[in-house]
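Work through the exercises below with the sequence and the 3D structure open. Each one sets a task and then gives a solution in steps.

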Amino acid sequence: MIKQSIFLLTALLISSLCFTGCSDDDDDYLGNWVDRAGLDFDVRGHAVCFTIDNNVYIGTGYDVDDDEKFNDFYKIEFLSSGGIQITQISDLPGVARDKGIAFSSGTQGYVGLGVDDNGDYLGDFYTYSPTTNAWETLENLPSGLTPRKDAVAFYVDGKGYVGSGKDDERERSDFYSFDPTTGSWEQIATLNEPRTQAMSFVLDDGTGKHGYVVGGYYNGLQDDFWRYEPSTNEWIALNKISDFTDSSFDDDYDSNIMRSDGVAFTMGGRAYLATGSGSALTWEWNPLTDRWKQKTLFEGDARYGAVAFTIDDIGYIATGRNSGQSYNDCWYFEPYEEKETKD
């Protein structure tokens, strides 16, 4: 059984970025962030994204500069020439929003939840077809899936999974699966503790693809890390992302991995955490050893509420915001290259 850790967090301002563990010797770590290009649409943070056929779709979000929320959506194609082609697609039905969720079945995109201009939490869901460029409203949502913001979502083995986040009462720990073939929802096992602004990803750990949830916020930054096992409907605890053992493998973890409102992406059979509130450091997770390794610092402006995705096994970060500025830039990561500050 994994030992419990107790963390005393004297202050956490979600709207600020605390770069715990950053030092002048960041160049000692491998990894190079490359500025791919600016995206030709309004700057925004807390957008959502999904991928279909090696294209990424980004939409919704909030522009802190103009205090504006969006329901527009864009298809981004990464061309072999190195360029980026951006096409505006149909707007998401319903009200403008940020802090929603999205996942893809591989042929359809799914978007929902979030918070609107009035601060009201949303519980609607929609599916997008790239062949018709049309959205369809999903009906028959489970009664327990309350309107909420800052939830997480992932898709694996034919089902989408949505859970955690914060509704108008409290942070949540409940989770639900969605079957696109039947349009039905089912409540599954809950996480051990409620949380909001966690990170999720899907990765093959050698035994098949699984969905993972890590970190987030609930009375402080969370240091736990979970894998969902659909065959037994249970969350499997992995090693925590803090220095919680007497062994040496996590001596460098401290609070440098823990974060909320960051991003997770996968490439080369590894998972990566970057940006967010609580830490700006980039970390790489090896599923074969359940160990984390520090990589170089994200080279763009510090931010939270970004989106992340993988195209052709390359991990990207785009958009995001901080307390005074929103972004529409796009970066990709080279995990085993030396850091170059002018690319």
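**Exercise 1. Describe the overall fold.**

Task: state how many helices and strands the protein has, and why it can be called as compact as a globular protein of its length.

Solution. The protein has 0 helices and 24 strands; both are DSSP runs numbered from the N terminus, helices being H or I over at least four residues and strands E over at least two. The radius of gyration is 19 Å, close to the 20 Å given by the globule rule for 343 residues, so the protein is as compact as a globular protein of that length. That radius is taken over C-alpha atoms, and the rule is 2.2 Å times the number of residues to the power 0.38. Along the principal axes, the C-alpha atoms fill a box of roughly 50 × 45 × 40 Å.

The model is predicted: local features need pLDDT of at least 70 and side-chain atom pairs count only at pLDDT 80 or more, while totals for chains, interfaces and linings use all residues. Residues are numbered from 1 along each chain as its sequence is written, and side-chain values use heavy atoms, with hydrogens and water left out.

**Exercise 2. Quantify burial, contacts and charge.**

Task: find what percentage of the residues is buried, what share of the contacts comes from residues 24 or more positions apart, and how far apart the mean charge positions are.

Solution.
- Step 1: of the 343 residues, 55% are buried (under 20% relative accessible area; exposed is over 50% and partly exposed in between, with a 1.4 Å probe and protein chains only).
- Step 2: among contacts (heavy atoms within 4.5 Å) with a separation of 6 or more, 53% join residues 24 or more positions apart.
- Step 3: the 26 positive and 59 negative charges have mean positions 3 Å apart. Lys and Arg count as positive, Asp and Glu as negative, and His and the chain ends are not counted; the charge is placed at NZ of Lys, CZ of Arg, CG of Asp or CD of Glu.

**Exercise 3. Place E229 in its surroundings.**

Task: say in which strand E229 lies and which residues it touches.

Solution. E229 lies in strand β16, residues 225-229. Its relative accessible area is 18%, so E229 is buried. Beyond four places in sequence, E229 touches H210, E234 and I236. The side chain of E229 also makes a polar contact of 2.7 Å with the side chain of S231. Such a contact is a pair of N or O atoms within 3.5 Å; within protein, one must be able to donate a hydrogen and the other to accept it, and residues adjacent in sequence count only if both atoms are side-chain atoms.

**Exercise 4. Compare two loop residues.**

Task: are T275 and S242 buried or exposed?

Solution. T275 sits in the loop between β19 (270-274) and β20 (282-286). With a relative accessible area of 3%, T275 is buried. Its contacts outside four places in sequence include R259, F298 and I317. S242 belongs to the loop between β17 (234-237) and β18 (263-267), and at 0% relative accessibility S242 is buried. The C-alpha atoms of S242 and Y253 are 5.0 Å apart, with their positions 11 residues apart in sequence.

**Exercise 5. Examine positive phi values.**

Task: what are the phi values of N54 and N133?

Solution. Most residues other than glycine have a negative phi. N54 has a positive phi of about 65°, and N133 has one near 50°. N54 is in the loop between β2 (48-52) and β3 (55-63), and N133 in the loop between β8 (125-129) and β9 (134-137). N54 is partly exposed at 41% relative accessibility, as is N133 at 32%.
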